[in-house]
Amino acid sequence: MSQPNFLTDYLDYSSGNEAPPQFHLWAGLLALAAIVSRRVWLDFNYFTIQPNLFVVFLTAPGNKKTTAMNLSKNLLRKLNSPDPNCIPFSADSSSKEKLVKKMTAMERKFTLPTGEEITYAPLNIFVTE
């Protein structure tokens, strides 16, 4: 019996539509990054890797970019239903001022084992052309 694997399960969840599998892979990676936010990182002493992802589906019109994006976004919204600020989303359309205000409102902090306090402002933006 294999170990549970979010990406494998996500690819199964998102299968059965016309969007290319690589779009679903990246949409799954985006969902995973949104879920763990900065609560997970890899510390390599000289640098730290965090799951910050910026993904753009770039292809000709009609290639199901929005299908892949919406599956990921809808899954995150379902996970978010008990606490709408758990996984913060931006508006579909917003001014830069509103975007900054939203990020400020979403500011979070945590303390590393070393005692250092980290401040961050997660925000997930899913937009079409």
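**Exercise 1. Contacts along the chain**

Task: State what share of the contacts with a separation of 6 or more comes from residues 24 or more positions apart in this predicted model.

Solution:
- Take the contacts in the protein with a separation of 6 or more.
- A contact here means heavy atoms within 4.5 Å.
- Residues 24 or more positions apart account for 51% of that set.

**Exercise 2. Fold and overall dimensions**

Task: Give the order of helices and strands, then describe the box and the surface of the protein.

Solution:
- Count the elements: the protein has 4 helices and 4 strands.
- Read along the sequence to get the pattern α-α-β-β-α-α-β-β.
- Along the principal axes, the C-alpha atoms fill a box of roughly 50 × 45 × 35 Å.
- The accessible surface is about 9,200 Å². Carbon and sulfur atoms hold 57% of that surface.
- Of the 129 residues, 27% are buried.

**Exercise 3. Classify four residues**

Task: Decide whether D12, L42, K73 and K109 are buried, partly exposed or exposed.

Solution:
- Set the cut-offs: buried is under 20% relative accessible area, exposed is over 50%, and partly exposed lies in between.
- D12 sits in helix α1, residues 6-13. Its relative accessibility is 58%, so D12 is exposed.
- L42 belongs to strand β1, residues 42-43. With a relative accessible area of 49%, L42 is partly exposed.
- K73 is part of helix α3, residues 65-80. Its value is 13%, so K73 is buried.
- K109 reaches 51% relative accessibility and therefore counts as exposed.

**Exercise 4. The surroundings of K73**

Task: Find which residues K73 touches, leaving out those up to four places away in sequence.

Solution:
- Start from the position: K73 lies in helix α3 and is buried.
- List the contacts: K73 touches F89, D92 and F126.
- Now take V40, which is 33 residues from K73 in sequence. The C-alpha atoms of K73 and V40 are 20 Å apart.
- For a second pair, use D12 and H24, 12 residues apart along the chain. Their C-alpha atoms are separated by 9.6 Å.

**Exercise 5. A nonpolar patch**

Task: Name the residues of the nonpolar surface patch and give its area.

Solution:
- The members are L42, F44, Y46, F47 and I49.
- Together they make a patch of about 610 Å².
- Place one member: L42 is in strand β1.
- Check its exposure: the 49% relative accessible area of L42 passes the patch cut-off of over 30%.

**Exercise 6. Charges and salt bridges**

Task: Count the charged side chains, find the salt bridges and explain what the pair K64 and E18 ties together.

Solution:
- Count the charges: there are 13 positive and 11 negative side chains. The centres of the two sets lie 7 Å apart.
- Recall the principle: side chains of opposite charge can pair when their charged atoms come close.
- Apply the salt-bridge cut-off, within 4 Å. The structure holds 2 salt bridges.
- One joins K109 to E117, with the closest N and O atoms 3.9 Å apart.
- Another joins K64 to E18, with the closest N and O atoms 3.4 Å apart.
- K64 is in the loop between β2 and α3, and E18 is in the loop between α1 and α2, so this pair ties together parts 46 residues apart in sequence.
- Compare exposure: K64 is partly exposed at 32%, whereas E18 is exposed at 63%.

Methods. Residues numbered from 1 in each chain as written. Predicted model: local features only at pLDDT ≥ 70, side-chain atom pairs only at ≥ 80, totals over all residues. Heavy atoms only, no water. Helix = DSSP H or I, 4+ residues; strand = E, 2+ residues; numbered from the N terminus. Buried < 20%, exposed > 50% of the residue type's maximum accessible area, 1.4 Å probe, protein only. Areas by Shrake-Rupley, 256 points an atom, 1.4 Å probe, with all protein chains shown as cover. Lys, Arg positive; Asp, Glu negative; His and termini not counted. Charge placed at Lys NZ, Arg CZ, Asp CG, Glu CD. Patch = residues over 30% accessible without salt bridge, like charges linked within 9 Å, V, L, I, M, F, W, Y side chains within 5 Å.
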